Amino acid sequence: MPFEFEIPGVAAEILAARTAEALDPILTKLTRSASALGAPTVRGHKLFVKDLDDTIPHIARVLRLDDRDGEKSNDNVCVIATQLYGVGGHSKVVADITRLIGGEKVSLILTDLYGNIAYRRLIGEDMEARGYHCRALLALKAPSVLDRTIELHRLLCAIKPTRIFLLQHHMDVCAVTATYPFRDITEFVHHADHLPCLGATVGYSAHVDLTYTCHPICAAAGLNPIYSGMTLPGLSAVQGAEKSDGPLVFGTCGNLGKYRQEGRASRYRWIDWVIPALRTPNSKFIHIGPTDAAFEQDIRQGLADAGIDPERYVFAGLTPSLQTALIDHQVDVYISSYPEGGGRATLEALAAG
C-alpha cells in the first residue's frame, strides 16, 4: 500500500499471540513506538500502518471483544481521545464536536495511555469554559495497555453509545481495538497532521479527513473518506484588530514540541526566526501556549547572545481563544510554529484579521 509505514515484525508478533498474556507486552511496545514517527523519512512521507490495522480483528478476538450492532444517531455520543491539550487542532476538533452535539448527549473518554491525567486536577474544573461540553469526562486508569483496552470496551458496553467519534493519538492501540466491535457506529477522525496513524484503514463507518493534503491520498487508497475542513465558531462576534502606529508586534502559538524539533532534521532553530524579527526597532514577540523553564531560558539566552533584550519576547501562556488573544495583544504579524505549523492556529490567526 503506498504511503505505508511498517514497524518490522510487530504485526507478525501480534498475529502469533494467542492469549492476552502473550499480547500484553507487544501492545505496550507498540504504543511506545510513536517516537519513530518523527523520523525525517516518515514525517510527511508516510500515512498508514495497514499491516498493524489488519491485526486489530485478531486482537479483538483474543480479548473476546464481541461485535456490537447499532444504528447511528446523535442521541448518545461518545468522543474518544488519548489526551487533550491546551492548544492543538485535534483537541479543538474534540471541543467543536462536543459543542455542536451538546453536552447533555456527550460522554468524553480519554485513554490516558501516557499517564498525564490526574482526577484531582479536575476537581472544580469548568470543562465548558475550556470548550469541552460533556455530561462526564472519564480517563482510563487500568494498569496496562491491554487492561485499558478491556476497560474501554466494557465502558462502551455500559454506555451503549449510538455514535462514537474516534480521535486517538497515532499509536493508541487501546482506542482502536476497543472501538472495533462498535465499528458500525464509529467515525474515525484522521489525525490533523502528516503522520502514520493506527486505525486509518480499519473498516469504520466513516473516515473523516481534517487535512486536505491527506484527503486525496486516503481517497486513492479506497478509504472513501469525507473531507471536513476545520472551521471556527462565532466569527462575526470578533472584529479584526486595526493596525496600530506603535512598535511591530509578532505572535506565535503552538504545542511546545512543535518548537523544540526533537528528533527532526531542521536547518534552523525557532530562535533563528525570532532574532531577525526582533531586529526591527522596539518590536516585541508574543508567545501564546504552553512553555517550560528550559524552553524559556533557551529563548532568553539566544536573544541575549544576539544583543537583544530578552524582555521583548513575552510568554503569554495558555488562552481559550488564540483569535481573541491575538487581538488583545494587538499582534500585527502571526508566525506559525516551526518547523511544524498548526492548521487550526493558522485559521484562528487569519480570523483575527
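# A guided tour of the predicted model

Show the whole chain as a surface. About 16500 Å² of the protein chain is exposed, and carbon and sulfur atoms supply 52% of that area. The areas come from the Shrake-Rupley method with a 1.4 Å probe; for residues, only the protein chains shown count as cover. This is a predicted model, in which local features need pLDDT of at least 70 and side-chain atom pairs count only at pLDDT 80 or more, while totals for chains, interfaces and linings use all residues. Residues are numbered from 1 along each chain as its sequence is written, and side-chain values use heavy atoms, with hydrogens and water left out.

## Whole chain

Switch to cartoon. The protein chain has 13 helices and 11 strands. Helices (H or I, at least four residues) and strands (E, at least two) are DSSP runs, numbered from the N terminus. The radius of gyration is 22 Å, close to the 20 Å that the globule rule gives for 353 residues, so the protein chain is as compact as a globular protein of that length. That radius is taken over C-alpha atoms, and the globule rule is 2.2 Å times the number of residues to the power 0.38.

Draw the principal axes. Along them, the C-alpha atoms fill a box of roughly 65 × 45 × 45 Å.

Colour by accessibility next. Of the 353 residues, 50% count as buried. Buried means under 20% relative accessible area, exposed over 50%, partly exposed in between (1.4 Å probe, protein chains only).

Now turn on contacts (heavy atoms within 4.5 Å). Among those between residues at least 6 apart in sequence, 73% join residues at least 24 apart.

## Charges

Select the charged side chains. Lys and Arg count as positive, Asp and Glu as negative; His and the chain ends are not counted. Each charge is placed at NZ of Lys, CZ of Arg, CG of Asp or CD of Glu. The mean positions of the 34 positive and 40 negative charges are 2 Å apart.

Side chains of opposite charge can pair when their charged atoms come close. A salt bridge here is a side-chain nitrogen of Lys or Arg within 4 Å of a carboxyl oxygen of Asp or Glu. The count comes to 10 salt bridges.

**Stop 1: Glu187 and Lys72.** Select both side chains. They form a salt bridge, at 3.1 Å from N to O. Glu187 lies in strand β5 (residues 186–190) and Lys72 in the loop between α4 (56–62) and β1 (77–81), so the pair ties together parts that are 115 residues apart in sequence. Glu187 is buried, at 8% relative accessible area. Lys72 is partly exposed, at 33%. Add Arg163 to the selection. Lys72, Arg163 and Glu187 are linked in a network of salt bridges.

**Stop 2: Lys141 and Asp112.** Their side chains meet in a salt bridge, at 2.7 Å from N to O. The pair links distant parts of the chain: Lys141 is in the loop between β3 (136–139) and α6 (145–159), Asp112 is in the loop between β2 (106–110) and β3, and they are 29 residues apart. Lys141 is partly exposed, with a relative accessible area of 38%. Asp112 is buried, at 1%. Stay on Asp112 and check its backbone. Its phi is near 45 degrees, a positive value in a residue other than glycine.

**Stop 3: Arg269 and Asp272.** Select this pair. Arg269 forms a salt bridge with Asp272, with the closest N and O atoms 3.0 Å apart. Asp272 is partly exposed, at 28% relative accessibility.

## Backbone and interior

**Stop 4: Phe3.** Go to the segment before α1 (10–16), where Phe3 sits. Phe3 is not a glycine, yet it has a positive phi of about 65 degrees. At 40% relative accessibility, Phe3 counts as partly exposed.

**Stop 5: Gly289.** Move to the loop between β9 (284–288) and α11 (293–305), the place of Gly289. Gly289 is buried, at 2% relative accessibility. Measure across to Cys253. The two are 36 residues apart in sequence and 5.6 Å apart in space, C-alpha to C-alpha.

**Stop 6: Leu152.** Select Leu152, in helix α6. Its relative accessibility is 0%, and it counts as buried. Which residues is Leu152 in contact with, leaving aside its neighbours within four places in sequence? Light up Ile80, Ile109, Thr111, Leu140, Cys174, Ala175 and Ala178. Finish with a distance to Ala139. The C-alpha atoms of Leu152 and Ala139 are separated by 9.6 Å, and the residues are 13 apart along the chain.
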